[in-house]
Amino acid sequence: MFLGTALLPYLSPIRRWSVATNAGTGQNLHSVKSAAQAMSIRSATVDDATVIGELITELGYPTTAEAMRARLKVLVADSNYVTLVAESENEVVGVIGGTTGHYYEKDGIYARLLVLSVSSRSRGSGIGAQLVAALERWASSRGAHDIIVNSAFHRTRAHAFYERLGYVGTGVRLVKTLA
Ligand SMILES: CC(C)(COP(=O)(O)OP(=O)(O)OC[C@H]1O[C@@H](n2cnc3c(N)ncnc32)[C@H](O)[C@@H]1OP(=O)(O)O)[C@@H](O)C(=O)NCCC(=O)NCCS
């Protein structure tokens, strides 16, 4: 099964990903492999803590392997969350995480893209778009109506990236740090 045509402009000819869906096992549901075996997407485990910590650090949030391991223990055990990693040549090169929740203002559930980071060495080759597509499939499989991402004002390239994937700016994020 090939991904929707909306994503194809982001793929080079060797990156026409086939999707290995297996609704019977949650672990394999998100597995995506390229025909060329160049990159695959799988569910993260706590053993990915070191490299995920590095990717979160690259995002601008310094994170030790130990801290990431503790966070992943909680996140991986929570079925409302999903954490996926992209692997190339047995090396994790990107991570995406998300969750679902219930709307107050209407029926149904939404999804949130909570974290996305591709290694600076691997950017610009479609990995980020494939991670977003995999998260969207997970969200759809949960019955989510919308998927929402917060992105800081300064991440202008990321905004362009999301807009190209169909995301539309609809509001402003306000944050207050609680003592
Ligand atoms: C944004 C990001 C996840 C995209 O992943 P990617 O694998 O590079 O994305 P793709 O190859 O699928 O798409 C490339 C597009 O991503 C966008 N992009 C954003 N930041 C980029 C970067 N530092 N390098 C390359 N492309 C970047 C551009 O729109 C680019 O399109 P272009 O090459 O025509 O300019 C990745 O660049 C990244 O990790 N950036 C830093 C962290 C970040 O901003 N995360 C999002 C937080 S909300």
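The following exchange examines the fold, the helices, the loops and the ligand shell of a predicted model.

User: How many helices and strands does the protein chain have, and in what order do the elements run?
Analyst: The model is predicted, and its protein chain has five helices and seven strands. Read from the N terminus, the order of the elements is β-α-β-β-α-α-β-β-β-α-β-α.

User: What share of the contacts in the protein chain between residues at least 6 apart in sequence join residues at least 24 apart?
Analyst: The protein chain holds 179 residues, of which 28% are buried. Among contacts between residues at least 6 apart in sequence, the share that joins residues at least 24 apart is 49%.

User: Do β6 and β7 pair in the parallel or antiparallel sense, and which residue in β7 stands opposite Leu-113?
Analyst: Strand β6 covers residues 109-118 and strand β7 covers residues 144-149; the two pair over four bridges, in the parallel sense. Opposite Leu-113, the residue in β7 is Val-149.

User: Which helix joins β6 and β7 in a β-α-β unit, and what is the handedness of that unit?
Analyst: The helix in this unit is α4, residues 127-141. Together, β6, α4 and β7 form a β-α-β unit that is right-handed.

User: How many of the residues of α4 are buried, and what is the reach of this helix from its first C-alpha to its last?
Analyst: Helix α4 is mostly covered, with twelve of its 15 residues buried. Among them are Ile-127, Leu-131, Leu-135 and Trp-138. At 1.5 Å a residue, a reach of 21 Å is expected for α4, and the helix comes close to this with a reach of 21 Å.

User: Which residue just after α4 takes a positive phi, and which residue does so just after α2?
Analyst: After α4, a positive phi of about 85° belongs to Gly-143. After α2, a positive phi of about 115° belongs to Gly-60.

User: Which elements do the buried residues of α2 pack against?
Analyst: In α2, residues 49-58, the buried positions are Ala-49, Val-51, Ile-52, Gly-53, Leu-55 and Ile-56. These buried residues pack against α3, β5 and β6.

User: Why does the span of α3 agree with expectation, and which of its residues are buried?
Analyst: The 13 residues of α3 should span 18 Å at 1.5 Å a residue, and because its end C-alpha atoms are 18 Å apart, the two values agree. The cover over the buried residues of this helix includes α2, β4 and β5. An α-helix has 3.6 residues a turn, so residues three or four places apart point the same way. The buried residues of α3 are Met-68, Leu-72 and Leu-75.

User: Why is Ala-77 classed as exposed, and what separates its C-alpha atom from that of Thr-45?
Analyst: Ala-77 lies in helix α3, residues 65-77. Ala-77 is exposed because 9 other C-beta atoms lie within 10 Å, and the cut-off for exposed is 12 or fewer. Thr-45 is 32 residues away along the chain, and the C-alpha atoms of the two residues are separated by 9.8 Å.

User: Where does Glu-89 lie, and is this residue buried or exposed?
Analyst: Glu-89 is placed in the loop between β4, residues 81-88, and β5, residues 91-102. Its phi is near 50°, a positive value in a residue other than glycine. Because Glu-89 has 8 C-beta neighbours inside 10 Å, the residue counts as exposed.

User: What is the phi of Asn-90, and is this residue buried or exposed?
Analyst: Asn-90 is also found in the loop between β4 and β5. With 6 other C-beta atoms within 10 Å, Asn-90 is exposed. Its phi, positive in a residue other than glycine, is near 65°.

User: Which element gives the most to the shell around the ligand?
Analyst: The ligand is surrounded by 19 residues, the closest being Arg-123, Gly-128, Ala-129, Arg-157 and Phe-161. The elements that contribute two or more residues to this shell are β6, α4 and α5 (156-164). By class, the shell has ten nonpolar, six polar and three charged residues. With four residues, the element that gives the most is α5.

User: Why does Phe-161 count as partly exposed, and what separates its C-alpha atom from that of Gly-128?
Analyst: Phe-161 lies in helix α5. Phe-161 counts as partly exposed because 19 C-beta neighbours lie inside 10 Å, whereas buried requires 20 or more. Gly-128 is 33 residues away along the chain, and the C-alpha atoms of the two residues are separated by 8.7 Å.

Notes
Residues are numbered from 1 along each chain as its sequence is written. This is a predicted model: local features need pLDDT of at least 70, side-chain atom pairs count only at pLDDT 80 or more; totals for chains, interfaces and linings use all residues. Two strands pair if DSSP finds at least two bridges between them. A crossover is right-handed if, with the strands pointing away from the viewer, the path from the first strand over the helix to the second runs clockwise. A residue is near a molecule or strand if its C-beta atom, placed from the backbone, lies within 6 Å of it. Ala, Val, Leu, Ile, Met, Phe, Trp, Tyr, Cys and Pro count as nonpolar, Asp, Glu, Lys and Arg as charged, and the others, Gly among them, as polar. Two residues are in contact if their C-beta atoms, placed from the backbone, lie within 7 Å. The expected span of a helix is 1.5 Å times one less than its number of residues.
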